[in-house]
Amino acid sequence: MDLHMTELERDIIREILNIGLARAADSFAVIAQEKVLLEVPNLDIVPGRSILDRVHEYEGSHAIIQSDIKGEFNGTTLMFFSGQHVQRLSRVCLRMNVPDSIEIDAMQESLLLEISNIITGALVTQLANILKAHIYGAPPRAPRGNIADSLKSLIFNQPMVQPLIFSVITQFSDKENSVELPLMLFFDRNTFIKILDIIRTYDFLGGQPTV
């Protein structure tokens, strides 16, 4: 069975995510020492094949950090750091002058893991508070090998999984330019159903469940 949401439900989910990402952006800005913008301009229900295609596009040109969301919700975040991100963050946070490259050492990987932990943690906290759900973020990790292959196993071996992809546009902004930092957040089918049920039975203006 296909899953559908109304435009209002889409707007509510997007705004919930934006609230969480706004808090994450403040913490991230302290690390990056620049203005950081995190926002969700759109979100879509995406077929499994499209997910793999998107991930595959980034694999060769970005360092990938994965963080899982566990508890009452089941999901995953993937953050994609380009060579330019690695170069800039290494200079600001580690005082390292390195070339524009995704070939990272242990210190750089630890930095990217911490950044992912901050962003995912802030997002999970806000989701838990707003949706009254018991969820938590697992420790982030840098996946080895072909991540698209590992996602393929999850998506196609479990027919009930119809992930919901949130395309998050993240930007470092300074006086000269801004750099997009792709982030993907997706939930499995059962989690998406739970989120929609909460939204459909909750009065967000009054703060009470509807009867």
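This report looks at one strand and one pair of helices in a predicted model.

## A covered strand

Let's start with strand β7, which spans residues 183-187. Most of this strand is covered, with 5 of its 5 residues buried. Its side chains point two ways: L183, L185 and F187 go to one side, while M184 and F186 go to the other. Residues on both sides are buried. This fits a general pattern: in a regular strand, side chains alternate between the two faces of the sheet.

M184 is a good residue to pick out in β7. Its relative accessibility is 6%, and because buried means under 20%, M184 counts as buried. M184 also sits 8.9 Å from V55, C-alpha to C-alpha, although 129 residues separate M184 and V55 in sequence.

## The partner of β7

Which way do β3 and β7 pair? Strand β3, residues 75-82, pairs with β7 in the antiparallel sense, over 5 bridges. Within this pairing you can find T76 opposite F186 of β7.

## Two crossing helices

Now turn to helix α1 (residues 7-32) and helix α3 (residues 83-94). Two packed helices are described by the angle and the distance between their axes. Here the axes come within 8 Å and cross at roughly 75°, so α1 is roughly perpendicular to α3.

Where do they touch? On the α1 side are F28, I31 and A32, which meet L89, V92 and C93 of α3. By class, this contact of α1 with α3 holds 6 nonpolar residues, with no polar and no charged ones.

Technical notes:
Residues are numbered from 1 along each chain as its sequence is written. This is a predicted model: local features need pLDDT of at least 70, side-chain atom pairs count only at pLDDT 80 or more; totals for chains, interfaces and linings use all residues. Side-chain values use heavy atoms; hydrogens and water are left out. Buried means under 20% relative accessible area, exposed over 50%, partly exposed in between (1.4 Å probe, protein chains only). Helices (H or I, at least four residues) and strands (E, at least two) are DSSP runs, numbered from the N terminus. Two strands pair if DSSP finds at least two bridges between them. Axes are lines fitted to C-alpha atoms, for helices over the stretch in contact, and angles run from 0 to 180 degrees between N-to-C directions. Angles under 35 degrees count as roughly parallel, over 145 as roughly antiparallel, 65 to 115 as roughly perpendicular and the rest as oblique. Contact means heavy atoms within 4.5 Å. Ala, Val, Leu, Ile, Met, Phe, Trp, Tyr, Cys and Pro count as nonpolar, Asp, Glu, Lys and Arg as charged, and the others, Gly among them, as polar.
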